[in-house]
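Reader: I should be grateful for a close look at a single part of this model, namely the way its helices pack against one another. Please explain it in connected steps.

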Amino acid sequence: MGKDILQGKRGIIFGALDEQSIAWHVAEHCVAEGAKITLTNAPVALRFGGLDKLGEKLNCEIIPADATSLEDLDNLFQKSMEVLGGKIDFILHSVAMSINVRKKKEYTDINYDWMHKTFDISAMSFHRVMQTAYKLDAMNEGGSVLALSFIAAQRVFPDYNEMAESKALLESFARSFGYHYAKKNKVRVNTVSQSPTMTTAGSGVKGFSDFYNYADAMSPLGNADAASCADFCVAMFSDYTRMVTMQNLYHDGGFSTMGMAPEVLG
Ligand SMILES: NC(=O)c1ccc[n+]([C@@H]2O[C@H](COP(=O)([O-])OP(=O)(O)OC[C@H]3O[C@@H](n4cnc5c(N)ncnc54)[C@H](O)[C@@H]3O)[C@@H](O)[C@H]2O)c1
C-alpha cells in the first residue's frame, strides 16, 4: 500500500455512509495512493451518516447529490472539476437501496412502485452518472468507472429479492456504456462483484449473517472484506488495468467458481 499509483489522478466517490461502507474504504485507499477526490452522497444520507468525519480526515470536499437527479449530478461533476482542478480520472458508484428489501417484502409479493425506485437508485443511477460525465466531457482519456455488484445478478439468492435484477441491469449498463465510453476517449467501465460485506446495505438483507458465514466457508480465500475491495478498486483505477473494460470482475475469494465446499458440509 501507499505506492502512489493514483498520484495526479482525480476521482469522485459515491456512497460512503459510515465506516463500514465499502466506499469509505475505497476513498481512504485512493487518497493513500495519491489521488485527489470529492465525496458525494444523497442529501438525506449526509444528514444522518458520518461523511463529514471522512471529509475532514481526507481533507476533501463533500458535494451532495441524489443519484436519481440529473441536476444534482451535473452540479456534482462541474463542482468536482472546479475543486479538483481538472477533468476526472475515476468514479466509484457504490449506491444501492431497495424499499422492498428494507420492508422485508417477499419476492412473490413485490410492491412495484418501490421496485421502480430500487431500479432507479441502484441501477439507472449508474447510467445517469456516466451520461452526465459523457455529455460534460468530464472524464480524462483512459479514465476508469466502477460500480459495485453482487453475484445474485447471475445466480439465485432468494433473499436478495429484486436487488438481483437491479444488479443484472447495473452490469448490463457497464457493458453497453463501456462500448460508447471506450470509443469516445478510452474510458473503461467495469463492475466489481463483491463478497457479502458487513455494511448498512448488506445487513438489510434477510438472513444476512448466516449467509455471510456460508459464503465465508464456501470461498477458499474466505469472504473479501471492504478493505481488500478498496485495494482492488485502486488497481482498477490505476494505469495498470487500462485495457480492462466492459467486465464484471469477481472479487469474492473464489466463491463464484465453487460448486461444493467440504467446509460447508461440516
Ligand atoms: N454489503 C454487501 O454485502 C455488498 C456485496 C456486494 C455488493 N454491494 C454493493 O456495494 C455498494 C455499496 O453498499 P455498502 O454495502 O457499502 O452499503 P452502504 O449502505 O454503506 O452504501 C450504500 C450507499 O448508497 C447510498 N444511497 C442510497 N440512495 C442514494 C441516492 N438516491 N443517491 C445517492 N446515494 C444513495 C447510501 O446513502 C449509502 O451511502 C452497493 O451497490 C451494494 O449493493 C454490497
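At what angle do the axes of helix 4 and helix 6 cross, and within what distance do they come?

Author: This is a predicted model, and the description that follows should be read with that in mind. Two packed helices are described by the angle between their axes and the distance between the axes. The axes of helix 4, residues 70–84, and helix 6, residues 112–136, come within 10 Å and cross at roughly 50 degrees. An angle under 35 degrees would count as roughly parallel, and one of 65 to 115 degrees as roughly perpendicular. The crossing angle therefore makes helix 4 oblique to helix 6. The crossing in which helix 4 passes helix 6 is right-handed.

The residues that make this contact can now be named. Helix 4 contributes L70, L73, D74 and F77, while helix 6 contributes R128, V129, T132, A133 and L136. Sorted by class, the contact of helix 4 with helix 6 has six nonpolar residues, one polar residue and two charged residues.

Helix 6 also packs against helix 7, residues 163–185, and here the axes are 8 Å apart at an angle of about 10 degrees. Because of that angle, helix 6 is roughly parallel to helix 7. On the side of helix 6, the residues that meet helix 7 are T118, F119, S122, A123, F126, H127, M130 and Y134. Their partners in helix 7 are M163, S166, L169, L170, F173, F177, Y181 and K184. By class, the contact of helix 6 with helix 7 has 11 nonpolar, four polar and one charged residues.

Helix 6 thus takes part in an oblique packing with helix 4 and in a roughly parallel packing with helix 7.

These helices may be placed in the protein as a whole. Its secondary structure comes to 11 helices and six strands. The C-alpha trace spans about 55 × 40 × 40 Å along its principal axes. The radius of gyration is 18 Å, which agrees with the value near 18 Å for a compact globule, because the protein has 266 residues.

A ligand is present as well, and another helix is prominent in the shell around it: helix 8 gives the most, with three residues. Helix 1 (22–32), strand 4 (139–149) and helix 8 (200–203) each supply at least two residues of that shell. Of the 26 residues around the ligand, those that come nearest are S21, A45, T199, A201 and G202. The shell divides into 14 nonpolar residues, 11 polar residues and one charged residue.

Key. Residues numbered from 1 in each chain as written. Predicted model: local features only at pLDDT ≥ 70, side-chain atom pairs only at ≥ 80, totals over all residues. Axes fitted to C-alpha atoms, helices over the stretch in contact; angles between N-to-C directions. Helix = DSSP H or I, 4+ residues; strand = E, 2+ residues; numbered from the N terminus. Parallel < 35°, antiparallel > 145°, perpendicular 65-115°, else oblique. Left-handed = near helix turned anticlockwise from the far one by under 90°. Contact = placed C-beta atoms within 7 Å. Nonpolar A, V, L, I, M, F, W, Y, C, P; charged D, E, K, R; others polar. Near = placed C-beta within 6 Å. Rg over C-alpha atoms; globule rule 2.2 N^0.38 Å.
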